Amino acid sequence: MRISIITLFPEMFVGPFDASIVKRACERNLVEIRLINTRDFATDKHKVTVDYPYGGGGGMVMKPEPLAAAIEAARQGSEGTKCVTVYLSPQGEPYKQDLAMELTQYDNLVLVCGHYEGIDERIRESLIDREISIGDYVLSGGELPAMVLIDSLVRLLPGALHNEMSWKNDSFSTGLLDWPHYTRPEEFRGMRVPDVLLSGNHQKIDEWRCRKALERTWRVRPDLLKKVQLSEQDHKWLAELRRE
Ligand code: 9WO
């Protein structure tokens, strides 16, 4: 997979991508991340990339010509491959694990990061395939959301995680939140690890984890329960929880 990031602030990506899973995935050639500076595509002497909004008001809007040139450069060589151009903005469709899975199907992902008041609407109309929001808040630009998207995507690529299967147990892959985790010591400040986890009985352990995941989801995010297939056992546990 190739990911091209179009941004006025490529240096923002250096730290985060130099650590963790993303770096390893790059080293293993699972993903190639290209940083494209919009400013390099401005043709005037001062390399202007923003301008005042028509209609007045404060702030600045990203000019269409350099952005169009940057997007087209990012798409170069993607003929005959699955390519998608995404704009990160609060007006986009909500980002979820399902959408992360869907995006792993592309060979070429072009992420457009806006700044200031955003991009000229004609870029959105003519060159953006999808607009994605990672949550209902306004940031100063699309760079952090682009990093969030990339991190969530890259860990889904086969071979990116140490244990290839491990993301399949993540919260959201099951549609539920995660169960509680414990590691050594057995007792910490008077708090003990639940006996069942020390029992070595894997059937009991799995059952406990399923129940805890269900319990947490029910308490914190009951909205998520509408989308998951619940077993008969799950329904029994939910009935118990409601009785408490
Ligand atoms: C800034 C602004 C200033 C004055 C009047 C109106 C204004 N709107 C904005 C604005 O929404 N700026 C955005 C900043 C433009 C697109 C890039 N920016 C951004 C992306 N902020 N937050 C996101 C984002 C992206 C994905 N998911 C959550 C938030």
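**Helix H3, the ligand shell and selected residues**

Helix H3 covers residues 64–75, twelve residues in total. At 1.5 Å a residue, helix H3 should span 16 Å, and its end C-alpha atoms are indeed 16 Å apart, so the expected and modelled values agree. The model is predicted. In an α-helix there are 3.6 residues a turn, so residues three or four places apart point the same way. The buried residues of H3 are Pro66, Leu67, Ala68, Ala70, Ile71 and Ala74. Several elements take part in covering these buried residues. Among them are strand S1 (2–7), strand S2 (32–37), strand S4 (61–62) and S5. Strand S6 (108–113) and helix H5 (121–127) are also included in this cover. Just after H3 comes Gly77, which takes a positive phi of about 80°.

Two residues of H3 also meet a loop residue, Thr38. Thr38 is in the loop between S2 and strand S3 (50–51). Its relative accessible area is 1%, which is under 20%, so Thr38 counts as buried. Neighbours within four places in sequence were left aside for its contacts. Thr38 is then in contact with Pro66 and Leu67, and with Ile6, Thr7, Leu8 and Thr49. Pro66 and Leu67 are themselves among the buried residues of H3.

The ligand has 18 residues around it. Tyr87, Tyr116, Ile134, Tyr137 and Leu139 come nearest. By class, the shell has ten nonpolar, seven polar and one charged residues. Strand S5 (83–94) and strand S7 (130–133) each supply at least two residues of this shell. The largest share, four residues, comes from S5. S5 is also included in what covers the buried residues of H3.

Polar backbone atoms lie close to nitrogen of the ligand at three residues. A ligand nitrogen atom is 2.8 Å from such an atom of Ile134. For Tyr116, the distance from a ligand nitrogen atom to a polar backbone atom is 2.9 Å. For Leu139, the corresponding distance is 2.9 Å. Taken alone, the ligand exposes 600 Å², and the protein buries 75% of that.

Tyr116 has an unusual backbone. Most residues other than glycine have a negative phi, and most peptide bonds are trans. Phi of Tyr116 is near 60°, a positive value in a residue other than glycine. Tyr116 is in the loop between S6 and H5. With a relative accessible area of 48%, Tyr116 is partly exposed, because this value falls between 20% and 50%.

Asn29 also has a positive phi, near 60°, and is a residue other than glycine. Asn29 is found in the loop between helix H2 (20–27) and S2. Its relative accessible area is 68%, which is over 50%, so Asn29 is exposed. A cis peptide bond joins Arg184 and Pro185, with omega of about 5°. Pro185 lies in the loop between helix H6 (143–154) and strand S8 (187–188).

Trp218 is in helix H8 (residues 202–220). The C-alpha atoms of Trp218 and Lys204 are separated by 21 Å, and these residues are 14 residues apart along the chain. Trp218 has 22% relative accessibility and therefore counts as partly exposed, since buried requires a value under 20%. Leaving aside neighbours within four places in sequence, Trp218 is in contact with Leu225, Leu238, Leu241 and Arg242.

How values were computed
Residues numbered from 1 in each chain as written. Predicted model: local features only at pLDDT ≥ 70, side-chain atom pairs only at ≥ 80, totals over all residues. Heavy atoms only, no water. Near = heavy atom within 4 Å. Polar contact = N/O pair within 3.5 Å; in protein donor to acceptor, adjacent residues only side chain to side chain. Areas by Shrake-Rupley, 256 points an atom, 1.4 Å probe, with all protein chains shown as cover. Nonpolar A, V, L, I, M, F, W, Y, C, P; charged D, E, K, R; others polar. Buried < 20%, exposed > 50% of the residue type's maximum accessible area, 1.4 Å probe, protein only. Contact = heavy atoms within 4.5 Å. Expected span 1.5 Å × (residues − 1).
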